[in-house]
Amino acid sequence: MSAKSTLNLIAAACENMGIGANGSLPWRLKKEMAYFTTMTSKVKDPTKLNAVIMGRKTWDSIPDKYKPLSDRLNIVLTHNVDSVKEKAPKEVVVVPSIDEAITHIEGRDDVESTWVIGGSSIYEAAMAHPNCGKIYLTEIQKSFDCDTFFPHIDKQQFQVVDEEAIPSERQTEGDITYYFRVYRKL
Ligand SMILES: NC(=O)c1ccc[n+]([C@@H]2O[C@H](COP(=O)([O-])OP(=O)(O)OC[C@H]3O[C@@H](n4cnc5c(N)ncnc54)[C@H](OP(=O)(O)O)[C@@H]3O)[C@@H](O)[C@H]2O)c1
């Protein structure tokens, strides 16, 4: 397995592990969104870009003016490849499985690393996949009404690690506090 096809997950979840409600985010956290953008966009080699893999509903949840997510290779998973492809900008890669996404990434020279950006079943498939690397989870210290949830993190399989580049102190935005946590698959 090459480094670029290691699957790193990134998500923000609230106290009840909710990640979404009614097809969008239950909260508005500007700095947290900026963290997501930085983490998924930053590259060591300026001639490369990162891939972001997402489910079709997450793709639909991104406002038109922000998609495809800039400076990243956008890969959308769906069972209806043709119809999703038809409506998406031509640079968006549409595939029917996570393994096809990995095959596509392996075939390109311009991808540096890969981020799985949701939603639920895509996170679950990535966590169970042999290529799973780390989970970058923003843990929001508040409960929200959600209809979409981050999968259970098995603590026998995933361990919290310190990462120098990730702030470990509590973050505050308005009346909401959260931590940037990193889990590594053992
Ligand atoms: N807080 C966060 O970090 C975060 C991150 C991402 C998303 N969200 C939120 O989560 C919600 C969307 O997530 P979601 O879990 O409902 O949906 P999702 O995972 O984004 O999309 C589900 C769709 O992905 C496709 N899919 C799933 N598994 C597949 C597989 N194995 N092979 C091929 N296609 C597959 C299917 O598309 P088809 O139906 O087209 O076949 C399925 O309906 C929104 O509310 C969004 O705002 C939050």
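**Unusual backbone geometry in a predicted model**

Met 17 is partly exposed, with 28% relative accessible area. Good morning, colleagues. I begin with that residue, and I should say at once that the structure before you is a predicted model.

Where does Met 17 lie? Its place is the loop that runs between strand E1 (7–13) and strand E2 (18–20). Its backbone deserves attention: although Met 17 is not a glycine, its phi is positive, at about 65°. For context, most residues other than glycine have a negative phi, and most peptide bonds are trans.

Asn 22 also has a positive phi, of about 50°, and is likewise not a glycine. This residue sits in the loop between E2 and helix H1 (30–41). Is Asn 22 buried or exposed? With a relative accessibility of 73%, Asn 22 counts as exposed, because the threshold for that class is over 50%. Met 17, at 28%, is classed as partly exposed, because that class lies between 20% and 50%.

I turn now to the peptide bonds. Which residues does a cis peptide bond join in the loop after helix H2? Lys 67 and Pro 68 are joined in this way, with omega at about 0°. Pro 68 belongs to the loop between helix H2 (56–61) and strand E4 (72–77).

A cis peptide bond also links Gly 118 to Gly 119, again with an omega of about 0°. Gly 119 is located in the loop that connects strand E6 (111–116) and helix H5 (120–128).

To close, I would invite you to find these places in the structure: Met 17, Asn 22, Pro 68 and Gly 119, each in a loop. Thank you.

Definitions and conventions. Residues numbered from 1 in each chain as written. Predicted model: local features only at pLDDT ≥ 70, side-chain atom pairs only at ≥ 80, totals over all residues. Heavy atoms only, no water. Helix = DSSP H or I, 4+ residues; strand = E, 2+ residues; numbered from the N terminus. Buried < 20%, exposed > 50% of the residue type's maximum accessible area, 1.4 Å probe, protein only.
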